[in-house]
Amino acid sequence: MGVLRSTHSMAAEVEEMRAALLLGAGGPAWSWRRRGAAAAAKRVAGAEEGAAEARAVCVTGGISFLGLAVVDRLLRHGYAVRLALETQEDLDKLREMDLFGENGRDGVWTIMANVMDPESLHRAFDGCVGVFHTSSLVDPGGISGYTKHMATLEAKAAEQVVEACVRTESVRKCVFTSSLLACVWRQSYPHRHRFPATVDESCWSDEAFCREKKLWFALGKTMAEKAAWRAARGRDLKLVTVCPALVTGSGFRRRNSTPSIAYLKGAHTMLAEGLLATADVERVAEAHVRVYEAMGGTAGGRYICYDHVVRRAEEFAELERQLGLRPRAPPPPAAAPPSFELCNRKLARLVSSRRRCTHDAYLPVAYD
């Protein structure tokens, strides 16, 4: 389920990836080598306590916009990270970015693995206690962003990843990246309700509705997450899923434009219903690590992750502009209040155990 790319300049993409990582999301400059040294010190201390193995994790899709952010957060938390890469192009990009030294020196190892090949996944996961499955399938044309066939492939890959986790003796936990789109699309809307209906982790998108409206990206995310839960049911594996909204942040226009375009299919309806939201990539990555670290205690099930709900047509137009999309006719003014209200209180409660956080106010939205 690797990321298929368009033919734009690889050098330009590498440079932007490197710049985004070195600058972070509005914070001071940093480098993986500096953080790698700090992480290495933490791992040495952990080894002295006999806990080194518990800090080894594998990340699929580690070259992606979100995947690299998750790797960064894991390094900051002192983990040893194995990057599961699908193509030589991915490996070449990592080498060109020169974000860390020789393989393993800064706490990052690379290994080639195909998410449709259980044996290669088993080899990639072997020796790791946790797996972060962040990879996804996107369209190389960058127009539709997703097809019906891709939805089927994504569900199959999700099943393969979880099965490989179960087969790998060392793996105990898996954090699976799903999408808010797996929660919000349903056949009927409660327009006559006095107050908006709450959309939280208990809500699932209606697969029949997604097929009817050709919402293939939402269908793929819904099918994949359900496949992961089925594969993990009754097995010796702890699974949680993170359902982020549209992932934005520094460099997202180039690094994440194709999945963003796919996400925005049906955006006018989501905007009118109060369901169009964004999530900064740094916050999404942090949520992955926080959930993983809490899986030994209270963490479980699904976690909706967003930090801003887009409520005005002007905000949506700016989002389209940032993605380089052709301007479309603005949606008509809402005749009634939104039918739904998103809720991320479950994740907020988990995060607030270390950092104070308010519902629907993780940080100001930043599209560029």
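Is Glu286 buried or exposed, and what is its relative accessible area? I looked this up first and found Glu286 buried, with a relative accessible area of 6%, where buried means under 20% relative accessible area, exposed over 50% and partly exposed in between, with a 1.4 Å probe and protein chains only.

**Basis of the entries.** I note that this is a predicted model, in which local features need pLDDT of at least 70 and side-chain atom pairs count only at pLDDT 80 or more, while totals for chains, interfaces and linings use all residues. Residues are numbered from 1 along each chain as its sequence is written, and side-chain values use heavy atoms, with hydrogens and water left out.

**Salt bridges.** I searched for salt bridges (a side-chain nitrogen of Lys or Arg within 4 Å of a carboxyl oxygen of Asp or Glu), and the structure holds 13 of them. Glu286 meets Arg290 in one, at 2.7 Å from N to O. The two residues are four apart in helix α13 (residues 281–293), which separates them by about one helical turn; helices here are DSSP runs of H or I with at least four residues, strands are runs of E with at least two, and both are numbered from the N terminus. Arg290 also counts as buried, at 11% relative accessibility. I then followed the contacts outward and found Arg73, Glu282, Glu286 and Arg290 linked in a network of salt bridges.

I next looked at Glu154, which forms a salt bridge with Lys221, the closest N and O atoms being 3.0 Å apart. Glu154 lies in helix α6 (residues 148–167) and Lys221 in helix α9 (residues 216–232), so this pair ties together parts that are 67 residues apart in sequence. Both Glu154 and Lys221 are buried. For Glu315 and Arg312 I recorded a salt bridge with the closest N and O atoms 3.8 Å apart; Glu315 is buried at 13% relative accessible area, whereas Arg312 is partly exposed at 46%.

**The sheet.** I traced seven strands in an open sheet, in the order β3-β2-β1-β4-β5-β7-β10 and with parallel pairing, two strands being paired if DSSP finds at least two bridges between them. At the edges stand β3 (108–112) and β10 (301–305), each with a single partner strand, so one side of each is left without a neighbour in the sheet. Within the sheet, five bridges join β1 (residues 56–60) to β2 (residues 80–85), which run parallel, and I noted Cys58 opposite Arg82 in β2.

**Rings.** I searched the whole structure for aromatic pairs and found three; rings of Phe, Tyr and Trp (its six-membered ring) pair if their centres lie within 6.5 Å, with planes under 30 degrees apart counted as stacked, over 60 as edge-to-face and the rest as tilted. Tyr79 and Tyr292 form an edge-to-face pair, 5.9 Å centre to centre with 75° between the planes. This pair links distant parts of the chain, with Tyr79 in the loop between α3 (65–76) and β2 and Tyr292 in helix α13, 213 residues apart. Tyr79 and Tyr292 are buried, and ring pairs link them with Phe132 into a cluster.

Finally, I checked for charges over rings (NZ of Lys or CZ of Arg within 6 Å of the ring centre and within 35 degrees of the ring normal). Arg55 lies over the face of Tyr79, at 3.9 Å from the ring centre, and the charged end of Arg302 sits over the ring of Trp204, 3.5 Å from its centre.
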